[in-house]
Amino acid sequence: MVPTTTPFPTTTPVPTTTPVPVPVECQNAINLTGSWRLEHQGKGLKPISGEYNCDVNDMMVGVFPCFRFSQDGCNKFLDRCVPKFSCGAHNGMWTNSAMPTEIGISVDIKIHVVGNDGRCMVHSEDALAMKCSTDPNDFVYKYGSKSATHCDLGFCG
């Protein structure tokens, strides 16, 4: 009896990829959308009923929710210092920390506060950043400082 052989398939199998699930922090984050977050010239805009924005207070009232910049509010934390009275706040907040590169992994970052005297880092606050997708600017942040006792700090986008 002559053995029979089965030929190899002539088609190449298509590799399958499993989509990376979107982290729950990214799904539940609040969106910061105000276009005034992009004002980086120190023009003193008062966007909230004629008052300066107070992200620090909003984050504490909201039990430190995760947030992201979106729509007209830009797409990520500003990575450079701004003058006082920028971003719709008395004192703007920015970061030069390295952002995470893997989806769903959070890293500690420092958010710097622009001082009344114009210094770029009068003090820094602790926060977390998490990458949400393959989009290079898709991050959520979690502000975790309980040290702020005044309401003049706003996040710059």
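I111 is in contact with F77, M93, W94, T95, H123, S124, E125, A127, Y143 and F155, leaving aside its neighbours within four places in sequence. This is a predicted model. The report starts from I111 and moves outward to the core, the sheet, the cysteines and one arginine.

## The core around I111

I111 belongs to the largest nonpolar core, which has 17 residues. I111 is among the residues with the most contacts inside this core. The others in that group are F67, M93, Y141, Y143 and F155. Three of them, M93, Y143 and F155, also appear among the contacts of I111.

Which elements give two or more residues to the core? They are helix α2 (55–61) and the strands β2 (66–69), β4, β5, β6 (139–143) and β7 (153–155). In soluble globular proteins, nonpolar side chains tend to be buried together.

## The sheet

The strands form an open sheet of 7 strands. Their order is β1-β2-β6-β5-β4-β3-β7, and the pairing is mixed. β1 (30–32) and β7 are the edge strands, each pairing on one side only. From one strand to the next, the twist averages 35 degrees.

At the β7 edge, the partner is β3 (residues 91–94). These two strands pair in the parallel sense, over 3 bridges. Within this pairing, G92 has G154 of β7 as its bridge partner.

## The disulfides

How many disulfides does the model hold? The count comes to 3. A disulfide is a covalent bond between the sulfur atoms of two cysteines. The table lists the three pairs.

| Pair | S to S distance | Torsion about the S-S bond | Handedness |
|---|---|---|---|
| C26 and C132 | 1.9 Å | about -85 degrees | left-handed |
| C81 and C120 | 2.1 Å | -95 degrees | left-handed |
| C87 and C156 | 2.0 Å | about 110 degrees | right-handed |

Take C26 and C132 first. Their sulfur atoms are 1.9 Å apart. C26 lies in helix α1 (residues 24–27) and C132 in the loop between β5 and β6, so the bond ties together parts that are 106 residues apart in sequence. C26 is buried, at 4% relative accessibility. C132 is buried as well, with a relative accessible area of 4%.

Next come C81 and C120. A disulfide joins these two cysteines. It links distant parts of the chain, 39 residues apart: C81 is in the loop between β2 and β3, and C120 is in the loop between β4 and β5. Is C120 buried or partly exposed? It is partly exposed, because its relative accessible area is 31% and buried means under 20%.

That leaves C87 and C156. Their torsion is about 110 degrees, so this disulfide is right-handed. C87 sits in the loop between β2 and β3, while C156 sits in the segment after β7. The pair therefore ties together parts that are 69 residues apart in sequence. C87 is buried, with a relative accessible area of 0%. C156 is also buried, with a value of 0%.

## Cysteines without a partner

Why does C66 form no bond with C26? The sulfur of C26 is the closest cysteine sulfur to that of C66, but at 7.7 Å it is too far for a bond. C66 counts as buried, at 13% relative accessibility.

C74 is in no disulfide either. Its nearest cysteine sulfur is that of C87, 9.9 Å away. At 25% relative accessibility, C74 counts as partly exposed.

## R119 in the β4–β5 loop

R119 is in the loop between β4 (106–113) and β5 (123–131). C120 is in this loop too. R119 counts as partly exposed, at 47% relative accessibility.

What does the side chain of R119 meet in a polar contact? It meets the side chain of D117, at 2.7 Å. Leaving aside neighbours within four places in sequence, R119 is in contact with V113 and V114. R119 and P83 are 36 residues apart in sequence, and their C-alpha atoms are 8.6 Å apart in space.

Note on methods:
Residues are numbered from 1 along each chain as its sequence is written. This is a predicted model: local features need pLDDT of at least 70, side-chain atom pairs count only at pLDDT 80 or more; totals for chains, interfaces and linings use all residues. Side-chain values use heavy atoms; hydrogens and water are left out. Helices (H or I, at least four residues) and strands (E, at least two) are DSSP runs, numbered from the N terminus. Buried means under 20% relative accessible area, exposed over 50%, partly exposed in between (1.4 Å probe, protein chains only). Contact means heavy atoms within 4.5 Å. A polar contact is a pair of N or O atoms within 3.5 Å; within protein, one must be able to donate a hydrogen and the other to accept it, and residues adjacent in sequence count only if both atoms are side-chain atoms. A nonpolar core is a set of buried Ala, Val, Leu, Ile, Met, Phe, Trp, Tyr and Cys residues joined through side-chain atoms within 4.5 Å. Two strands pair if DSSP finds at least two bridges between them. Axes are lines fitted to C-alpha atoms, for helices over the stretch in contact, and angles run from 0 to 180 degrees between N-to-C directions. A disulfide is a pair of cysteine sulfur atoms within 2.5 Å.
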